[in-house]
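Biologist: I am new to this structure and would be grateful for a close look at one helix and the space that it borders. Please explain each term as it arises.

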Amino acid sequence: MAHSVSNEQSEMSNTTPLLLRRNRWRFPSTIKLKTTLSSELSGAVGDLGTYIPIVLALSLVNNLDLTTTLTFTALYNIATGLLFGLPMPVQPMKSIAAVAISESPPLTIPQISAAGLSVAAVLLFLGFTGLMSFLYRYLPLPVVRGVQLSQGLSFAFSAIKYIRYEQDLAKSKSGPPRPWLGLDGLIVALAAVLFLVLTTGAGVDDHQDEDEDVVDRRNRVRRRLRVLSTVPAALIVFLFGLLLCFLRDPSIFNDLRFGPSRISVVRITWEDLKIGFVRAAIPQIPLSILNSVIAVCKLSGDLFPDREASAMRVSVSVGIMNFVGCWFGAMPCCHGAGGLAGQYRFGGRSGASVVFLGLAKLVLALVFGNSFGRILGQFPIGILGVLLLFAGIELAMASKDMNTKQESFVMFVCAAVSLTGSSAALGFFVGIVLYLLLKLRELQCGGFGLSKSKKRKSSVDEETSLIG
């Protein structure tokens, strides 16, 4: 009897951790985190610097239905926030959007949807077969850091363009220099930069809070910084931008129409599938694998060591999102390392931030529908550039853990090729080749040095034996 009880206790002790792990994945506990409602609300708008320009451009050029896209991306936000327990972003597939806008004639909604479905099929295959987990496990860290650095700097470069020059989002071109004065002038953008720097600094390093000596020596400074950190800085900047929308064009009030548009299934022909796959999906697939899955999982491990996202789950998540939404004409979406960096930068520490963002999108879709595009069309691009700048720098700073010259060399070459060639896939390939060459060089030199040392040792032994 005692033996059976001990067996039951041992079984309970073995299964309890597994149940806790499953429960933590299903219902992430956010109450133990050092976070506040204001910081989660501020983090919710951390990736809008990428989301708004692409959505607005697709709606202007490709007749993207805002009600459909806002509704489905809202559902994606809520689902990923609850499942991952992280500020996991939902961003547009940038390569598909760039091709759809720049092609002449622009891609149609069925062709864009076909491209999203094609990428989703690839990611679902890689996720369910375990190939994505294999890639994530064995890809060299310097190469992943190079991809992150290139994406972060690319966001930062685009942000500077948004701030310095007027933008024609419909044509994806920069115009004349932005004037200093005006409701979308340089002074407004620079004021937003100063406000964000004063309130958020260079970003919060949560691990430094555990050092009691630092707490004792800098108690006053930390109290002041703690007060500043409670300010939802990014949310204030975004709401200020919304206020400027109505000040720039008061006729928006007359153009608003209440109620959503009708959501319907998109008819995709074989011709749409062929065009969407060849022109838009093929360039997007490498970017989705590298930035939307591998880089975002690695960044989640850096920012949240105890809650690192699974490559398999992230890959399957992106696939399922697009297999649901693209049939209705929603914009192809993914998870992005830049969005995660931006939401973390402005205070997002749990899935609550993206859940709040999803609820806000859902309300806007149901209340304003497609007429919300009038508001987005007047949103100050300079302020979007400021939000994008901080997100890009936060992502680029993830590469600061390269400790050796060899690792830094691979990372910088990978980033340089990615930026110059405008292709993360090309930079990734060059980085892999360079990494393997350096490892091969070490193996050759190590073998040669070992054999040479063995010869020296044997000659010394022979001389010792002769003397003896």
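Modeller: Helices (H or I, at least four residues) and strands (E, at least two) are DSSP runs, numbered from the N terminus. The model is predicted, so local features need pLDDT of at least 70 and side-chain atom pairs pLDDT 80 or more, whereas totals for chains, interfaces and linings use all residues. Residues are numbered from 1 along each chain as its sequence is written, and side-chain values use heavy atoms, without hydrogens and water.

The helix in question is α3, which runs over residues 48–61 and holds 14 residues. From its first C-alpha to its last, α3 reaches 20 Å, close to the 20 Å expected at 1.5 Å a residue (times one less than the number of residues). Twelve of the 14 residues of α3 are buried, so the helix is largely enclosed by the rest of the structure; buried means under 20% relative accessible area, exposed over 50%, and partly exposed in between, with a 1.4 Å probe and protein chains only. The buried residues of α3 include Leu-48, Gly-49 and Thr-50 towards one end, and Leu-58 and Ser-59 further along. Tyr-51, Pro-53 and Ala-57 are also among them. Just after α3, Asn-63 takes a positive phi of about 60°.

Helix α3 also helps to line the second largest pocket, giving two or more residues to its lining. A pocket is an open set of points on a 1 Å grid where a 1.4 Å probe fits, with protein on both sides within 12 Å along at least five of seven lines; lining residues have an atom within 4 Å of a point. About 1200 Å³ of space lies in this second largest pocket. Its lining counts 34 residues, and Lys-94, Ala-98, Ser-154, Phe-155 and Ser-158 lie nearest its centre. Other elements that give two or more residues to the lining are α5 (94–102), α8 (141–164), β3 (173–177), α14 (270–303), α20 (405–420) and α21 (424–467). Helix α8 provides the largest share, eight residues. By character, the lining divides into 17 nonpolar, 14 polar and three charged residues.

One of these neighbours, α21, holds both Glu-442 and Lys-439, three residues apart, about one turn of the helix. Glu-442 and Lys-439 form a salt bridge, their closest N and O atoms being 3.9 Å apart; the term requires a side-chain nitrogen of Lys or Arg within 4 Å of a carboxyl oxygen of Asp or Glu. Glu-442 is partly exposed at 39% relative accessibility, and Lys-439 is partly exposed at 32%.

Definitions and conventions
Grid points are joined across faces, edges and corners, and a volume is the space filled by probe spheres set on the points. Ala, Val, Leu, Ile, Met, Phe, Trp, Tyr, Cys and Pro count as nonpolar, Asp, Glu, Lys and Arg as charged, and the others, Gly among them, as polar.
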